[in-house]
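Dear colleague,

I am handing over the structure below, and after it you will find some notes on what turned up in it. Please keep the structure open while you read them.

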Amino acid sequence: MCGIVGYVGNKSVVDILLDGLEQLEYRGYDSSGIAVMCEEDIKVYKAVGKLQNLRDKLKGHETEFNNSTMGIGHIRWATHGAPTLLNAHPHTCNCGNLVVVHNGIIENYKELRKSLEDAGCIFRSQTDTETIAHLVARKYAQCKDLTEAVRLASEEIEGAYALCVMHNDCKNKLVITKRNAPLLIGIGDSEYFAASDVPAIIKHTNKAVYLEDNQIATLTPDSMEIIDIDKNNITPKVEVLPWEPVALSKMGYKHFMLKEIHEQPDVIRNILVGRLHAPDEEIILNEVNLNKERLRHLNRIQIIACGTSLHAAMVGKYLIESFCGIAVDVEASSEYIYRKTVTDEHTLVIGVSQSGETADTLTAIRQAKAKGSHILIITNRPDSAMAREADSLIPVNAGIEVSVAATKSYIAQLMAFYLLSLYMAEIKDSIASSTLTSLKTELMILPQKIEQILAHKENIQTVARAYANTKDFIYIARGINYPTALEGALKLKEISYINATGYPAGELKHGPIAMLDETMPVLSILMNGSVYDKLLSNSEEAKARNARMIALTNSKDEKLNELFEHIIRVPDVQELFSPIIAVIPLQLIAYYIAEFLGKDVDQPRNLAKSVTVE
Ligand code: AGP
């Protein structure tokens with residue numbers, strides 16, 4: 001959470017900072033601020049709310065910073081202290097000579113604050129970050145070297161942080177450092193950028209260095225020097241970033257979420273490229289660095305993830321158990337890390353994460369790694385912290401996902417699980433080859449089926465509008481689509497703020513049925529297969545309590561018209577692939593309701609795309 005940018009070079013800095021922050025708005029957007037090195041001294045500008053408020057505030061101040069070529073910026077997702085002007089970054093020391101922006105959480109900030117207050121520092125905000133400003137300023141007063149001051153301060157700081165620091169005495173020097181939070185350096189022509197993520201710099205350069213934990217970089221227009229916490233010089237590893245700036249455009253869609261929903265057929269095609277050539281050929285998954293013998297004898301898998309990625313993991317469990325007969329446990333990372341987990345070198349641990357940065361999942365996989373488990377990461381960000389921890393890495397190649405509500409990354413994660421489970425089934429010889437061929441045939445035509453749904457989305461829009469004013473929403477399903485119900489409900493909650501819940505339909509009668517009456521919409525994910533009849537009975541039970549019934553189905557049964565007030569029909573598909581088909585209308589329902597209600601679809605309140613705090 002939170003995004004930081006920094007620039008030192010030869011261009012006017014303010015636009016670079018604001019554009020960079022705009023690209024990082026997915027990391028938080030409850031306040032923002034910049035600090036600019038001006039001729040006389042550093043000037044700080046902050047605003048509460050969206051970045052546009054900061055842009056508005058800067059209007060008329062242009063003459064103050066027109067010639068400035070160095071500065072730092074921040075976009076905030078509040079952790080310590082409400083989103084107010086005082087809590088917004090950048091934070092300064094008491095004399096105002098030193099400014100800092102920070103992403104992360106300083107765990108020992110209370111102790112640090114106490115000792116800094118005892119030493120005479122006056123705190124103005126409730127943030128953990130302000131301690132860093134005072135701490136580095138005090139170190140600087142002793143050593144008169146900004147890099148050394150940051151290094152000394154980082155020896156005392158506990159927790160996660162990415163920092164950019166400027167001091168009035170150093171007119172063209174930016175010092176940055178990180179621990180357990182992302183930070184990269186973009187390399188331009190006599191200029192350097194610092195940013196939490198690629199989108200902030202990709203417009204300017206595709207040459208970058210990923211700073212590693214406890215490294216400190218000193219950037220001037222003409223130099224980049226990196227040391228570690230023990231003052232050893234580090235030779236930077238320069239990488240070429242893979243992304244094109246065009247990926248960040250809405251391409252004519254009203255919202256990124258809608259664009260990303262429409263990208264899903266191509267996301268499936270992309271992930272299959274090079275991995276599945278034809279139904280009668282073997283799946284190629286060179287990314288799995290476990291030899292076939294070990295895979296054949298694997299008898300336990302744990303999958304850890306959060307949010308939407310957790311729902312993909314739940315589908316993954318179903319697939320691996322069905323295709324390979326291996327026992328799989330799925331757990332929310334935030335739970336996994338605070339109990340005694342039974343894992344060892346014989347367990348395959350799979351971490352699933354769009355961002356590859358989610359703090360809970362990162363901690364969980366590090367714990368499992370320390371116990372000797374093989375770590376397989378499924379992520380959309382092969383350049384992320386999680387990817388760097390991986391023993392095996394399956395990049396899902398969905399392209400940058402800008403909307404906070406995950407859509408295309410979910411489909412890509414599901415595809416990774418289809419490929420992985422079928423790949424393991426081939427090695428274990430656990431499915432008849434004719435079945436495998438038919439499964440792979442179906443896998444390859446999923447994009448066309450999604451395209452059919454997208455081509456007829458008006459009906460989904462009509463249904464969505466019919467329920468836009470509901471206060472609550474229930475999604476029911478069974479078997480492999482129970483996670484689909486959870487995901488549909490999560491999408492609706494996230495972007496429309498309607499209280500939506502997903503239930504395994506058989507559980508309805510054990511409590512939730514008490515809530516049903518004529519005001520409650522119940523959407524039944526009624527896909528052909530082993531649980532169709534059971535789910536139909538559960539839908540009847542809900543109807544008998546006067547609930548407003550909606551079916552999402554691939555059944556052609558005309559009798560459904562009697563039971564359901566609205567029916568969303570989708571192309572037929574084998575049951576095991578139905579999560580891919582069923583989730584698309586649910587994403588669209590959430591989208592159309594939120595859009596109809598005038599909500600901020602791409603940046604819903606209180607959320608951030610990458611949750612980098614535990
Ligand atoms: C999805 O719509 C959410 N924004 C959220 O639940 C997300 O899936 C979760 O925070 C996990 O993120 P990750 O996949 O980047 O680890």
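Two strands are said to pair if DSSP finds at least two bridges between them. With that in mind, and remembering that this is a predicted model, a good place to begin is strand β23, which covers residues 521-526. Strand β21 (residues 472-477) pairs with β23 in the parallel sense over 3 bridges, and within this pairing Ile-476 has Ser-524 of β23 as its bridge partner. Strand β24 (residues 548-553) also runs parallel to β23, to which 6 bridges join it, and here Val-522 stands opposite Met-549 of β24. Between β23 and β24 the chain passes through helix α18 (residues 532-543), in a β-α-β crossover that is right-handed.

As for its surroundings, β23 is mostly covered, with 6 of its 6 residues buried: Pro-521, Leu-523 and Ile-525 lie on one side, and Val-522, Ser-524 and Leu-526 on the other.

Turning to the aromatic rings, the structure holds 6 aromatic pairs. In one of them, Tyr-418 and Phe-577 have ring centres 4.9 Å apart and planes at 35°, so the pair counts as tilted. This pair links distant parts of the chain, since Tyr-418 belongs to helix α14 (residues 408-428) while Phe-577 lies in the loop between β25 and α20, 159 residues apart; both Tyr-418 and Phe-577 are buried. Phe-473 and Tyr-475 form a stacked pair, 5.1 Å from centre to centre with 25° between the planes, and together with Tyr-467 they make up one aromatic cluster.

Finally, the charged end of Arg-605 sits over the ring of Tyr-497, 3.9 Å from its centre, and Arg-388 lies over the face of Tyr-210, at 5.0 Å from the ring centre.

With best wishes

Technical notes. Residues are numbered from 1 along each chain as its sequence is written. This is a predicted model: local features need pLDDT of at least 70, side-chain atom pairs count only at pLDDT 80 or more; totals for chains, interfaces and linings use all residues. Side-chain values use heavy atoms; hydrogens and water are left out. Buried means under 20% relative accessible area, exposed over 50%, partly exposed in between (1.4 Å probe, protein chains only). Helices (H or I, at least four residues) and strands (E, at least two) are DSSP runs, numbered from the N terminus. A crossover is right-handed if, with the strands pointing away from the viewer, the path from the first strand over the helix to the second runs clockwise. Rings of Phe, Tyr and Trp (its six-membered ring) pair if their centres lie within 6.5 Å; planes under 30 degrees apart count as stacked, over 60 as edge-to-face and the rest as tilted. A charge sits over a ring if NZ of Lys or CZ of Arg is within 6 Å of the ring centre and within 35 degrees of the ring normal.
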